[in-house]
Protein chains: 2
Amino acid sequence: MNARERFRAPKKVELRDEDAGLTPLREKNGNGGAKQRERALTDELIGQVARFQEMLYASRKQKLLLVLQGMDTAGKDGTTRALFSQISPMGIQATGFNAPTERERAHDFLWRIHAHVPGNGLIAVFNRSHYEDVLVPRVLGDIDGKETKRRYAHIRDFERMLAESGTTVIKIFLHLSKEEQKKRLQERLDDPEKHWKFDPTDLAVRSQWDAYQRAYEDAIAATDLGHAPWYIVPADSKTHRNLIVAHLLLETMQAMNLSWPAPKADLAKVKVE
Amino acid sequence: MNARERFRAPKKVELRDEDAGLTPLREKNGNGGAKQRERALTDELIGQVARFQEMLYASRKQKLLLVLQGMDTAGKDGTTRALFSQISPMGIQATGFNAPTERERAHDFLWRIHAHVPGNGLIAVFNRSHYEDVLVPRVLGDIDGKETKRRYAHIRDFERMLAESGTTVIKIFLHLSKEEQKKRLQERLDDPEKHWKFDPTDLAVRSQWDAYQRAYEDAIAATDLGHAPWYIVPADSKTHRNLIVAHLLLETMQAMNLSWPAPKADLAKVKVE
């Protein structure tokens, strides 16, 4: 399995050609239990992730930034919950970026982002991110093509700086189909315990589906670099989506060459009285 | 089960009279599987905690602060990991407070703490806290009795302000025996994967065990209030410790009167196109 190769964004991204319903890792035989097996395998993979995270935390020499993007209901929250259940909250910093506040808007768009990048030893998860500050104003017409290009240049510079400062950056686009989103929004309407998640303005965003897909294609093409790669993860199946992201996370951490740090003293001589 | 009553700190705390090895919730029959049953019951309780946490997160009207204190190896990390495995990192903010930095020392001792209190909808876990900034200098003789009293008054005022601003505050002292600490420190020496956790300065703290126990007794007596209660949790058994803390957390959240918030619009009229 080389998930990082398999799900890496292509040079020219055409989201309409990427099938959000694909489940390439799903086992062919034994239909009934496919989801169950995907859950079990995901748990096994994140058990391995948890061990690498402990080394990362213990060594405090590197850091990991996971950016999650996707349309509403694509599973940014669900992925965050599923992937980090075996990791102590001490080692994870998850931040959601909503519409910027007045104080945030008074600064450059990377200002509020920078405050939440991970320090040594930590994993940070961005549930939405600096990309929203290009995607949304671009679709709404608040910035023109020239400013859009300028912002992507700022993002490239920013992410290169993070990478050169010891941060492993990976960016995941959870690719949902418009049909699956309809189903999930409808589920929120049908279940009183999910009503709080339903925001009528989500429908306005949905009505501009194609414009957002084009904006994502541009964003990914403009910022997919070796030190800050984009992965496109088919997200119509939740269990399969988690499985792919678990693979990506594990392979990424394997490549970080983590190990246990040297003890703080010559422990052979230490005696506990 | 009323854990909040049972483990609430007594008016006059005498830690030498509190048995750290107690397991009052352990089932009498079926010795062999006691730990396994405690793990299963803990998981069940934190499943209920997770549901309340979703309501807290959805409503964004209240917040919860859990302060964990205890001697080295008492299980502050282990408790944090065990208790929040079913909660998304989006809803939890765990902060460890080590020795203050130069910039932190240039401010009042609550300055660095205040920056990490939870916002509406969130649970914050303090792994060590503002209490360290009284306990440690008190034992080391860096502050006198008068300054110690002054700081506890500052803490009382600070915690009352948090409580009156919608924060439910609970403080847990993980009560470990000196013998069990010896065993756990020795385990860190014996296991190469735990060497990074072993800090020889922990032995200096251990050598002042009694002074720290007295300092804790003072701290708890000075700051145990209805709106910011202290619980003393016997912590020699890890599974039983987690079980007690799960009970405390669940009872605390039950008392917060959480519910699902009203939807953002009249959803009956909404149609997903």
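Two residues are taken to be in contact when heavy atoms of theirs lie within 4.5 Å. The structure described here is a predicted model, and this notion of contact underlies the account of its chains A and B given below.

In chain A, eleven helices are found together with five strands. The radius of gyration of chain A is 20 Å, close to the 19 Å that the globule rule gives for 273 residues, and chain A is therefore as compact as a globular protein of that length. The C-alpha trace of chain A extends over about 70 × 55 × 40 Å along its principal axes. Of the 273 residues in chain A, 52% are buried, a class defined by a relative accessible area under 20%. When contacts in chain A between residues at least 6 apart in sequence are considered, 81% join residues at least 24 apart.

With regard to the surface, chain A has an accessible area of about 12800 Å², and carbon and sulfur atoms account for 48% of this area. Chain A carries 43 positive and 39 negative charges, the mean positions of which are 3 Å apart.

The arrangement of the two chains was examined next. A turn of 180 degrees, with a shift of 0.0 Å along the axis, lays chain B on chain A with an RMSD of 0.0 Å. This is the relation of a two-fold axis. Within chain B, the C-alpha nearest the axis belongs to B:Ser85, at 2.4 Å from it. Of the interface residues of chain B, 100% are also interface residues in chain A, so the copies meet through the same surface.

Technical notes. Residues are numbered from 1 along each chain as its sequence is written. Chains are lettered from A and ligands numbered from 1 in the order in which they are written. This is a predicted model: local features need pLDDT of at least 70, side-chain atom pairs count only at pLDDT 80 or more; totals for chains, interfaces and linings use all residues. Side-chain values use heavy atoms; hydrogens and water are left out. Helices (H or I, at least four residues) and strands (E, at least two) are DSSP runs, numbered from the N terminus. The radius of gyration is taken over C-alpha atoms; the globule rule is 2.2 Å times the number of residues to the power 0.38. Buried means under 20% relative accessible area, exposed over 50%, partly exposed in between (1.4 Å probe, protein chains only). Accessible areas come from the Shrake-Rupley method with a 1.4 Å probe; for residues, only the protein chains shown count as cover. Lys and Arg count as positive and Asp and Glu as negative; His and the chain ends are not counted. The place of a charge is taken as NZ of Lys, CZ of Arg, CG of Asp or CD of Glu. Copies are superposed by least squares on the C-alpha atoms of residues with pLDDT of at least 70 in both.
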